[in-house]
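User: The model shown below is to be discussed in a series of short questions. Please reason briefly in each reply and finish with the value or name requested.

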Amino acid sequence: MRPLVILLHGTRFDARAWDGYADLLDADVRALDLPGHGVRAGQPWTTDAALAVIDDEVATVAPETPVVLVGHSLGGFVATAWAQRHPDALTGLVLVGAMADPSRHRILTRLYTDFARLLPVVGPQRMASVANTVLRAMGLPRNALPDATGYAVAPDAWGSVVTEAGCHQLTGVSSPVWLVAGALDQLAIDTRRYARACQDARVVVVRLATHLLPFTHRRQLADVIAEASGRGAPTA
């Protein structure tokens, strides 16, 4: 049976962050917008609302359909929370740049929470302009730059990660868990701890990649997702 691959974007981005992945995978690929992003702009952020987005998508396929959940950054923390609530539901879980335990890194956590506090002062449009300058310097193509839409829910989204996230969420997950990180990714700082928490961890480190790995190393990540779904990449 053809697997369902659900893709979850990071903060500020939306489902368009995964453009092109459907062509790289032999699966039913569905990129979703989390609350406050993309087609769900204006919706408030809560963890339950984010998990409900996944619930609704999984409910559209037959119960025996293999499901692979893939999340980048914020999407990875959401994917981890969903797997914690449904420990036996997945064929595979792929976390990309979402292996940092906020309780262990006060300085890193402060960096994100302080950024969130600036948003109401600076404003989403101006913040997007400044942040996108940094993203371009890190190698993100111009056509992949996010707009200001997702900034409105960033404080609540990051607040939920800070208070809820941690490797403890993976201890009961029965499926294999792929922990994918760029070698230069700050949010992969606790990859080893996350691996120890998993029943079956597969660590993949991509040389020279940053936190923007899903944009800059599409083929490498698609190969990991194909492995998680038990399907090879489609032939050219």
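User: What is the relative accessible area of Asp 26?

Analyst: This is a predicted model, in which local features require pLDDT of at least 70 and side-chain atom pairs count only at pLDDT 80 or more, while totals for chains, interfaces and linings use all residues. Residues are numbered from 1 along each chain as its sequence is written, and side-chain values use heavy atoms, with hydrogens and water left out. A residue is called buried under 20% relative accessible area, exposed over 50%, and partly exposed in between (1.4 Å probe, protein chains only). Asp 26 is therefore classed as partly exposed, its relative accessible area being 29%.

User: Which residue forms a salt bridge with Asp 26?

Analyst: A salt bridge requires a side-chain nitrogen of Lys or Arg within 4 Å of a carboxyl oxygen of Asp or Glu. For Asp 26, the closest N and O atoms of the pair are 3.5 Å apart, the partner being Arg 2. Asp 26 lies in the loop between α1 (21-24) and β2, and its partner in the segment before β1, so the pair ties together parts that are 24 residues apart in sequence. With a relative accessible area of 44%, the partly exposed partner is Arg 2.

User: Which residue of helix α2 forms a salt bridge with Arg 30?

Analyst: Helices (H or I, at least four residues) and strands (E, at least two) are DSSP runs, numbered from the N terminus. Arg 30, in strand β2, has a relative accessible area of 21% and is partly exposed; one of its salt bridges is with Asp 28, the closest N and O atoms being 2.8 Å apart. In another, the closest N and O atoms are 2.9 Å apart, and the partner sits in helix α2 (residues 47-58), 27 residues away. That partner counts as buried at 18% relative accessibility, and it is Glu 57.

User: How many salt bridges does the structure hold?

Analyst: Side chains of opposite charge can pair when their charged atoms come close. Some of these pairs are connected: Asp 14, Arg 16 and Asp 147 are linked in a network of salt bridges. The number of salt bridges in the structure is nine.

User: In what order do the strands of the open sheet stand?

Analyst: The chain has nine helices and six strands. Two strands pair if DSSP finds at least two bridges between them, and the pairing in this sheet is parallel. β2 (28-32) and β6 (201-206) stand at the edges with a single partner strand each, so one side of each has no neighbour in the sheet. The six strands of the open sheet follow the order β2-β1-β3-β4-β5-β6.

User: Which residue in β3 stands opposite Val 5?

Analyst: Strands β1 (residues 4-8) and β3 (residues 67-72) run parallel and are joined by five bridges. The residue in β3 opposite Val 5 is Val 68.

User: What angle does helix α3 make with the direction of β3?

Analyst: Contact means heavy atoms within 4.5 Å, and by this criterion helix α3 (residues 74-85) packs on the sheet, touching β1, β3 and β4 (92-96). Axes are lines fitted to C-alpha atoms, for helices over the stretch in contact, and angles run from 0 to 180 degrees between N-to-C directions. The direction of α3 makes with that of β3 an angle of about 140°.

User: Which residues does Thr 80 touch, not counting those up to four places away in sequence?

Analyst: Thr 80 is found in helix α3. At 1% relative accessibility, Thr 80 counts as buried. Leaving out residues up to four places away in sequence, Thr 80 touches Leu 95, Gln 169 and Leu 170.

User: Within what arc do the buried residues of α6 fall?

Analyst: The buried residues of α6 are Ala 154, Ala 157, Trp 158, Ser 160 and Val 161. The arc is that of the directions from the helix axis to the C-beta atoms. Seen down the axis of α6, these residues line one face of the helix, because they fall within an arc of 150°.

User: What distance separates the C-alpha atoms of Pro 141 and Thr 216?

Analyst: Pro 141 lies in the loop between α5 (124-137) and α6 (154-164), and counts as partly exposed at 35% relative accessibility. Pro 141 and Thr 216 are 75 residues apart along the chain, and their C-alpha atoms are separated by 8.6 Å.
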